[in-house]
Amino acid sequence: QWQLVESGGGLVQPGGSLRLSCTGSGFTLEDYTIGWFRQAPGKEREGVSSRGSNFGDTYYADSVKGRFAIFRDNTLNIVYLEMNNLKPEDTGVYYCGARVYGSSSDLGFPSLRWVEYSYWGQGTRVTVSS
């Protein structure tokens with residue numbers, strides 16, 4: 001059974017850092033484009049970062065550029081989201097997903113459109129507050 005599990009969330013002060021993990025089971029993450037998304041209370045899910053499987057190219061939402069980094073450990077089958085200089089507006093539940101919807105020629109490229117992803121985990125909560 002394919003499954004993704006997010007972990008690493010918590011409470012952090014503004015300016016702090018967290019590293020989120022997206023652990024895959026039942027399939028190899030390096031074969032898929034993996035994206036990180038977040039959902040704040042009362043808001044729609046939004047794309048944060050994505051790493052393409054074809055060439056390892058990455059996308060970031062404008063709001064996190066220069067602060068967040070997505071990278072992969074193929075040995076552990078984990079995709080990480082390193083978050084630095086966190087701001088209160090980064091608060092939300094963070095999810096990872098595998099890009100499986102769309103034309104086959106596009107699946108290996110990064111995307112921040114959550115409707116193109118599946119195999120969502122239960123999410124990990126990030127709260128940035130003083």
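**A walk through an all-strand chain**

From the N terminus on, the elements of the chain run β-β-β-β-β-β-β-β-β-β-β. Put as a count, that is 11 strands and zero helices. Please keep in mind as we go that this is a predicted model.

Let us begin with the overall form. The C-alpha trace spans about 45 × 25 × 25 Å along its principal axes. How does the radius of gyration of the chain sit beside that of a compact globule? With 130 residues, a compact globule would come out near 14 Å, and the chain has 14 Å, so the two agree. Of the 130 residues, 45% are buried. Contacts tell us about the way the chain comes back on itself: among those with a separation of 6 or more, 60% are between residues 24 or more positions apart.

The outside can be described in a few numbers too. The accessible surface of the chain comes to about 6,500 Å², and carbon and sulfur atoms account for 47% of it. As for charge, there are 12 positive and 13 negative side chains, and the centres of these two sets lie 4 Å apart.

Now let us step inside, starting with strand 4, which covers residues 34-39. Five of its six residues are buried, leaving this strand mostly covered. Strand 4 pairs with two partners that we can follow here. One is strand 5 (residues 46-51), joined to strand 4 by five bridges in an antiparallel arrangement. The other is strand 9 (residues 92-99), which also runs antiparallel to strand 4 and is joined to it by six bridges.

If you would like to trace the pairing of strands 4 and 5 residue by residue, look for Ile 34, which stands opposite Arg 51 in strand 5. Further along, Trp 36 stands opposite Ser 49, again in strand 5. The hairpin made by these two strands has six residues between them, and Gly 42 takes a positive phi there, near 80°.

Phe 37 is a good landmark for the other pairing. This residue is found in strand 4, and its bridge partner in strand 9 is Tyr 95. Is Phe 37 buried or exposed? Its relative accessible area is 0%, so Phe 37 counts as buried. Looking from Phe 37 towards Ser 50, we find a C-alpha to C-alpha separation of 8.7 Å, with the two positions 13 residues apart in sequence numbering.

Ser 50 leads us on to the next pairing. In strand 6, its bridge partner is Tyr 59. Strand 6 (residues 58-60) runs antiparallel to strand 5, and three bridges join the two. Their hairpin has six residues between the strands, among them Gly 56 with a positive phi near 75°. Strand 5 itself is largely enclosed by the rest of the structure, because five of its six residues are buried.

Further along the chain we meet strand 7 (68-73) and strand 8 (78-83), with Asn 77 in the loop between them. These strands run antiparallel and are joined by six bridges. Ile 70, for instance, stands opposite Leu 81 in strand 8. The hairpin has four residues between its strands.

The backbone of Asn 77 deserves a look. Most residues other than glycine have a negative phi. Asn 77, however, is not a glycine and has a positive phi near 60°. With 15% relative accessibility, Asn 77 falls under the 20% limit and therefore counts as buried. Asn 85 also has a positive phi, of about 50°, although it is not a glycine. Asn 85 lies in the loop between strand 8 and strand 9. Its relative accessibility is 42%, so Asn 85 counts as partly exposed.

Finally, let us return towards the N terminus, where Gly 8 lies in the loop between strand 1 (3-7) and strand 2 (10-12). Gly 8 is partly exposed, because its relative accessibility is 36%. Which residues does Gly 8 touch, leaving aside those up to four places away in sequence? They are Leu 18, Arg 19, Leu 20 and Thr 124. Lys 87, by contrast, is 79 residues from Gly 8 in sequence, and the two C-alpha atoms are 17 Å apart in space.

Key
Residues numbered from 1 in each chain as written. Predicted model: local features only at pLDDT ≥ 70, side-chain atom pairs only at ≥ 80, totals over all residues. Heavy atoms only, no water. Rg over C-alpha atoms; globule rule 2.2 N^0.38 Å. Buried < 20%, exposed > 50% of the residue type's maximum accessible area, 1.4 Å probe, protein only. Contact = heavy atoms within 4.5 Å. Areas by Shrake-Rupley, 256 points an atom, 1.4 Å probe, with all protein chains shown as cover. Lys, Arg positive; Asp, Glu negative; His and termini not counted. Charge placed at Lys NZ, Arg CZ, Asp CG, Glu CD. Pairing = 2+ DSSP bridges.
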